[in-house]
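Here is a short round of questions on how the labels attached to a model are earned. Each reply sets a value against its cut-off and concludes.

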Amino acid sequence: MSRSDGKLGPKMSKTTDDCEAISAQRAAASRARGPDAVFTPPPPTERPICTASAMTSAQGSNGGFVLLYRSGGQQLDVLARTLSGFLERQVVNRTGLTGLYDYDLEFSPPRWLATAPAVGATPAAPIDDGPTIFDAMKQLGLKLDSTRGPVEYLVIDSIEHPTED
């Protein structure tokens, strides 16, 4: 949590939706439509209900984009996994918050200049197109702290084609 009082930020709130019931209704509707039925998320202008969506919200001043990741009725572990993908680092939820939350995360993903620096030159700095992911997290009342710790991973020693029975 970024606030000493533990309050959520202006872009995050505990959900009021009954996601268990809504998910059951969606599953029943999907079964009724058949095996090829696909859940249709709400349009970008509406808040997602018991799901999440991501879209480009605006062009940055340097030709980049600002990403709007909206969530309705999601656990914060889902947010941690999503952030892991954006940051290319493991993100662990240590907020202690349980339950489901609605939030809007708006940030400019880091973007490096496409041209490689000359040999021996310093790499270019990222282009600043808008709020950083760290700024966006503050709007949720959360913060990202970089720490070191053990990480579980899976090692595959070998792989073989299956044998017939």
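Q: Why is strand β3 (residues 65-74) called largely enclosed by the rest of the structure?
A: This is a predicted model, so the answer rests on computed values. Nine of the ten residues in β3 are buried, so the strand is largely enclosed. Buried here means under 20% relative accessible area.

Q: What makes Gly73 count as buried?
A: Gly73 has 7% relative accessibility. The cut-off is under 20%, so Gly73 counts as buried. Gly73 lies in strand β3. Its C-alpha atom is 6.5 Å from that of Thr51, with the two positions 22 residues apart along the chain.

Q: How do you know that β3 and strand β4 (residues 101-107) pair?
A: Pairing needs at least two bridges between the strands. β3 and β4 have six, and the sense is antiparallel. One of the contacts can be named: Tyr69 has Leu105 in β4 as its bridge partner.

Q: What makes Asp104 and Arg70 a salt bridge?
A: The closest N and O atoms of Asp104 and Arg70 are 3.2 Å apart. The limit is within 4 Å, so the pair qualifies. The link joins distant parts of the chain: Asp104 is in strand β4 and Arg70 in strand β3, 34 residues apart.

Q: Why is Arg70 called buried, and what is Asp104 called?
A: Arg70 has 14% relative accessibility, so it counts as buried. Asp104 has 25%, so it counts as partly exposed. The buried class ends at 20%, and the partly exposed class runs up to 50%.

Q: How do you know that Asp145 and Lys143 form a salt bridge?
A: Their closest N and O atoms are 3.9 Å apart. That value is within 4 Å, so the pair counts. By this rule, the total comes to two salt bridges.

Q: What are Asp145 and Lys143 called by accessibility, and why?
A: Asp145 has 56% relative accessibility, so it counts as exposed. Lys143 has 46%, so it counts as partly exposed. The line between the two classes is drawn at 50%.

Q: What makes Cys19 and Cys50 a disulfide?
A: The sulfur atoms of Cys19 and Cys50 are 2.1 Å apart. A disulfide needs them within 2.5 Å, so the pair passes. The count by this rule is one disulfide. The link connects distant parts of the chain: Cys19 is in helix α1 (residues 19-33), Cys50 is in the loop between α1 and β2 (51-59), and 31 residues separate them.

Q: Which hand does the link of Cys19 and Cys50 have?
A: The angle about the S-S bond is -85°, and the link is left-handed.

Q: Why is Cys50 called buried, and what is notable about its phi?
A: Cys50 has 10% relative accessibility, so it counts as buried. Cys19 is buried too. Phi of Cys50 is near 60°, a positive value in a residue other than glycine.

Q: What makes Glu88 exposed?
A: The relative accessible area of Glu88 is 73%, so Glu88 is exposed. The threshold is over 50%. Glu88 sits in the loop between α2 and β4. Its phi is positive, about 55°, although Glu88 is not a glycine.

Q: Which residues of the largest nonpolar core touch the most other members?
A: They are Met12, Leu79, Leu83, Tyr103, Leu105, Met137 and Leu140, out of 18 residues in that core. The elements giving two or more residues are β3, α2 (76-87), β4 and α3. The largest share, five residues, comes from α2. In soluble globular proteins, nonpolar side chains tend to be buried together.

Q: Why is Ile159 called exposed, and which patch does it help to make?
A: Ile159 has 77% relative accessibility, so it counts as exposed. The cut-off is over 50%. With Leu154 and Ile156, Ile159 makes a nonpolar surface patch of about 430 Å². Ile159 lies in the segment after α3 (133-140).

Q: What is the order of elements in the protein chain, and how many residues are buried in percent?
A: From the N terminus, the order is β-α-β-β-α-β-α. That gives three helices and four strands. Buried residues make up 26% of the 165 residues.

Definitions and conventions: Residues are numbered from 1 along each chain as its sequence is written. This is a predicted model: local features need pLDDT of at least 70, side-chain atom pairs count only at pLDDT 80 or more; totals for chains, interfaces and linings use all residues. Side-chain values use heavy atoms; hydrogens and water are left out. Patches are made of residues with over 30% relative accessible area and no salt bridge: like charges are joined within 9 Å, nonpolar side chains (Val, Leu, Ile, Met, Phe, Trp, Tyr) within 5 Å. Accessible areas come from the Shrake-Rupley method with a 1.4 Å probe; for residues, only the protein chains shown count as cover. A salt bridge is a side-chain nitrogen of Lys or Arg within 4 Å of a carboxyl oxygen of Asp or Glu. Buried means under 20% relative accessible area, exposed over 50%, partly exposed in between (1.4 Å probe, protein chains only). A nonpolar core is a set of buried Ala, Val, Leu, Ile, Met, Phe, Trp, Tyr and Cys residues joined through side-chain atoms within 4.5 Å.
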